[in-house]
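Okay, thanks for making time, everyone. Let me put the structure up and then talk you through a few bits of it.

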Amino acid sequence: MITVAVLAKEKAHFDLLITQYNRLPVHFRWFESGEHFLEHKNFDEWQVVWVIGKSFKWVEETLALLNERQIEIPIVCSTPEPKQDQRQLFWQLKVREIIPWPVHRQELEFLIKSYNEIFAPTDEQEKYAFQGSLEFINGVDLLRTFTKATSTGVLYLHWSERKGRIEFKNGQIVNAVYHQMDPLTAVLIMASWEHGFAFFKEDQFVSKRMIMLTNEQIFKECSDYKKETQRLLSTITNPNTLYYPHPELNYEEFGPNERKILREMRKGKSITMLAESYEGDINFILKKLKNWADQQFILPEEQYLQIKEQIEEQENASGIKRLMQKLFGKKEIENISEEPERESEDKVASSVLEYRFARKDILQEIQNRLEDMF
Amino acid sequence: MKRNVLEIAIIIRDWSLILDYWPQLNISETLFPPHLKHFTVELNEDLELLVYLIDTLSKKEYNLADRIIPFIPFSLLFISQLDAIHESLWQTYHQRYQTPLFFLAQDDPELKDKIVMREDLASKLSNVMFFNPEDSLTLSWGLISKQCLENLQYENTQPQQMEEETQKESSETDSSD
């Protein structure tokens, strides 16, 4: 196990490292600035210092500070797209390696894998104090077990591409990292997962407390979150039928993330399928989908096919026909509205059934006989 | 000798009520469509009465009545208790059929009084056929049929007579001129 001090002004950079690369036998620890790092005088525990920053100036200042103290730990630095003169300056500040900060998570993964001598993976079985599938245990129950055991460490949760972590200190949930979510929302989302697997690593290096709620308060929030999901699902009529975006929907009115969802729906997707495949806040997406369905931005299959057929019919009609429809459309509507009235009148007339008994001679005969009898 | 059958229909709320008055009736369902409940009364060796029971509680049977009522000489509306339902049945019958309709009720002084008390029904008293359940089956049904046919004859002849009278009057006035 090697330990790496990550000096990053934006915590998001550090979060990306810890969530994506928790399988590596590397412990990353975050420091907000060079000053914070230098406060820890025991520098022997660090094998590498990694300075990451968007701003070139901030990186330069931090590196200068580290140089002043003449720290002997190898320094790696990352900024997005460093230019020639910037690179030269970094080399002058005794940087061991410059890693251009990748645009993509995949690039970062590839990059880290390429530094084999530092980040070589080890056998997984040895690393975890606990490992199990989320399909058999409720997320909240899982969290409870760690809070009871007063453990300190990190619980990693993986569901295919979704990766997050929840940190415990003496049984208290102190922090959680998932995408760019705030720590509490990250716990709520991960605790609602019903697929994937979880594993726990005992670790003394955990973040400072970011979630100020007690464990019980967090669990209550989790159950409220689940209830809200159920409530939202119940308000949507037929969540299992396929929905399509309206054929005449203007995609430019939507943001990039919304557009992505709508594009996915072109081949038909049910609300439950969408909610399951959404990586972020499930309640947020359910509210959005309900709103779209109410405003008819998305339509159930039957309605979608009807509208599509109508539009195709209009498009296939010749120019003259379309013109005629426009001109005489009103009259046709008037005629249609008159017809049902006439029909109903006919119905009333035909509803009286005529008296069809015609054999009056027989009646006369029967009557005569009855008179004879009585 | 030729055998004559008089076919009539009884509109009744719950067909089994009729068994309260004539328990010996052999009620069965017609073999052929419209599969209605019916019974027969042999009035004479050459005269038979075929009565269809149309249960207003059974929607299916009530709809099947369309295939019977227009082709019979008259129908009967069975009254066991006098209430608003009979009034509405009487109205709906006349909205649907032109076939004459009579009322059938037990010869009960209380019921008679009630009918007389009701303004809307008092005028129809002549159309109510009263029967005595203590009479034999043949006697009671023979009398009911006889009364109905007489009324029917009266209804048929009345307009003709009126026409004749008016014609006479007009001819008299013409001659006087």
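So, to start: in what sense do β11(A) and strand β13 (residues 298-300) of chain A pair, and over how many bridges? This is a predicted model, by the way, so keep that in mind while you look. The two strands run antiparallel, and three bridges join them. If you want a spot to click on, A:Y244 sits opposite A:L299 in β13(A).

Now stay on β11, residues 242-245 of chain A, since this strand also pairs with strand β12 (residues 269-270) of chain A. That pairing is antiparallel too, over two bridges. Here the residue to find is A:Y243, whose bridge partner in β12(A) is A:K269.

Okay, on to where the chains meet. Chain B puts 21 residues into the contact and chain A puts in 17 residues. On chain B's side, the elements giving two or more residues are β1 (4-12), β3 (37-44), α3 (84-96) and α6 (137-176). The top contributor there is α6(B), with six residues. As for chemistry, that side of chain B has ten nonpolar, eight polar and three charged residues.

Last thing, confidence. Chain A has a mean pLDDT of 81, with 85% of its residues at 70 or more. Two stretches to watch, though. Residues 122-126 of chain A stay under 50, and the model gives them two contacts beyond four places in sequence. Over residues 336-349 of chain A the pLDDT is also below 50, and that stretch has zero contacts beyond near neighbours in sequence.

That's my tour, happy to go back to any part.

Definitions and conventions
Residues numbered from 1 in each chain as written. Chains lettered and ligands numbered in written order. Predicted model: local features only at pLDDT ≥ 70, side-chain atom pairs only at ≥ 80, totals over all residues. Contact = placed C-beta atoms within 7 Å. Helix = DSSP H or I, 4+ residues; strand = E, 2+ residues; numbered from the N terminus. Nonpolar A, V, L, I, M, F, W, Y, C, P; charged D, E, K, R; others polar. pLDDT = per-residue confidence, 0-100. Pairing = 2+ DSSP bridges.
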